[in-house]
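Me: I would like a close look at a single part of this protein. Please take one helix and follow what it touches and what it helps to line.

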Amino acid sequence: MTNSKLAVKNRVLAIICAVIIVAGMAVGTVCHFLFGGFFNYGGEFASYKSVVVTYSTAEYSDVELIKPTLDEKLSAFNAYEVSCGDKTTGGEVVYKYAPSVSSEELAKAVAEINAVIDTEDSGLNVAVLHEAESLVGGSKAIIFASIAVASAAVFEFIYFAFRYKLRAAISALVGCIANVGLFVSLVALTRLPVGTYLIALTAAVVLITMIGSCVLFDRVRKNFRNDAYARSDRSEVIAISAAESKKINLVTVIALALPVVVLAICAVIAFLNLTVLTPYAAAILALISCCYGTVFVMPAIHSGVDAIFARGKAVNSAKSES
């Protein structure tokens with residue numbers, strides 16, 4: 001494939017990336033207004049109701065002595081999670097329910113439980129109803145994470161401006177935004193249940209994009225200094241550099257993807273439940289976004305940014321000569 005055809009291919013793939021981002025943002029926005037969240041928020045970010053039962057080991061030496069009573073009173077509400085734990089002088093059993101479960105009916109069940117487990121009104125054994133309201137799907141955590149990611153992108157811009165040139169810094173920043181946007185859009189489109197793993201993976205996308213950008217711009221700088229390309233068009237040199245750095249970036253992403261796949265297989269074997277694959281599926285989407293954006297989209301972005309700077313430089317030179 002000639003360099004000009006490669007450049008055209010990268011531009012087409014960059015347009016496809018933009019279309020995916022727009023589609024993801026559109027789907028997320030529609031879901032935000034119709035279904036209560038831009039993402040499909042998982043249990044970590046979702047609102048829920050819970051019945052927390054605290055008991056004394058002096059009266060119930062083992063959780064199995066109290067749990068049958070609790071299960072009998074609460075079985076009709078279909079708890080999606082039940083957990084047991086130890087406290088200083090006793091234990092605790094927590095039942096979690098979807099927000100749609102009736103608070104009034106749960107309150108009646110809690111009153112019945114208290115009447116059975118605390119007949120002497122000692123206060124040592126008590127059931128309490130809680131309603132945990134999430135702030136729009138954990139928006140606080142995502143807002144703070146967005147600030148951290150934005151700070152990392154600004155650091156990347158400053159670093160690239162000093163190490164390379166302003167045009168490279170702008171390309172790296174736009175490429176970083178494109179990769180993060182692509183990842184977020186894929187998560188919104190696939191409707192994967194979102195947990196705190198999204199924050200870590202978004203930060204990983206920024207870091208991997210920065211590393212991939214360094215590989216690309218190191219090659220671009222080297223080739224611009226190469227006398228063999230002195231008469232070549234700047235866009236062709238960028239396309240050549242992208243082709244040369246492509247293998248390194250692909251190998252890096254594949255090397256990162258292999259342990260993710262291995263861990264996913266181990267998780268399925270250990271838990272025998274496909275729902276544990278959600279974070280691993282999101283990690284693969286993150287790596288795909290990094291690979292696609294760095295290998296194909298970044299060269300197209302840099303070619304356009306470089307052309308704008310070159311035209312500006314030519315106009316300034318013409319004005320100075322006149």
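Reply: What follows is a walk around helix α6, its partner helix, and the spaces and rings beside it.

This is a predicted model. Helix α6 covers residues 197–224, and helix α5 covers residues 166–190. The two pack at an angle of about 145 degrees. Their axes lie 9 Å apart. The crossing of α5 past α6 is right-handed.

Which residues make the contact of α5 and α6? From α5 come Ala168, Ser171, Ala172, Gly175, Cys176, Asn179, Val180, Phe183 and Val187. From α6 come Leu198, Leu201, Thr202, Val205, Val206, Thr209 and Phe217. By class, the contact holds 11 nonpolar and 5 polar residues. It has no charged residue.

Phe217 also belongs to an aromatic pair. A search of the whole structure gives 7 such pairs. In one of them, the rings of Phe217 and Tyr164 have centres 5.8 Å apart. Their planes stand at 50 degrees, so the pair counts as tilted; the cut-offs are under 30 degrees for stacked and over 60 for edge-to-face. Tyr164 sits in the loop between α4 (139–163) and α5, while Phe217 is in helix α6, so the pair ties together parts 53 residues apart in sequence.

Next, the open space. The largest pocket has a volume of about 330 Å³. Its lining has 14 residues. Nearest its centre are Lys165, Arg167, Arg221, Phe224 and Arg234. Helices α5, α6 and α8 (278–321) are the elements that each give two or more residues to this lining. The lining divides into 7 charged, 6 nonpolar and 1 polar.

Then the enclosed space. There are 2 cavities of 30 Å³ or more. The largest cavity has a volume of about 70 Å³. Which residues line the largest cavity? They are Ile208, Ile211, Gly212, Asn249, Thr252, Val253, Cys290, Cys291 and Thr294. The elements giving two or more residues here are α6, α7 (234–271) and α8. This lining holds 5 nonpolar and 4 polar residues, with no charged ones.

To pull it together: α6 packs against α5. Helix α6 gives two or more residues to the lining of the largest pocket. It does so for the largest cavity as well. The pocket lining includes 7 charged residues, whereas the cavity lining has no charged residue.

Definitions and conventions. Residues are numbered from 1 along each chain as its sequence is written. This is a predicted model: local features need pLDDT of at least 70, side-chain atom pairs count only at pLDDT 80 or more; totals for chains, interfaces and linings use all residues. Side-chain values use heavy atoms; hydrogens and water are left out. Axes are lines fitted to C-alpha atoms, for helices over the stretch in contact, and angles run from 0 to 180 degrees between N-to-C directions. Helices (H or I, at least four residues) and strands (E, at least two) are DSSP runs, numbered from the N terminus. A crossing is left-handed if the near helix is turned anticlockwise from the far one by less than a right angle, and right-handed if clockwise. Contact means heavy atoms within 4.5 Å. Ala, Val, Leu, Ile, Met, Phe, Trp, Tyr, Cys and Pro count as nonpolar, Asp, Glu, Lys and Arg as charged, and the others, Gly among them, as polar. On a 1 Å grid over the protein atoms alone, a cavity is a set of points where a 1.4 Å probe fits but cannot get out, and a pocket is an open set with protein on both sides within 12 Å along at least five of seven lines; lining residues have an atom within 4 Å of a point. Grid points are joined across faces, edges and corners, and a volume is the space filled by probe spheres set on the points. Rings of Phe, Tyr and Trp (its six-membered ring) pair if their centres lie within 6.5 Å; planes under 30 degrees apart count as stacked, over 60 as edge-to-face and the rest as tilted.
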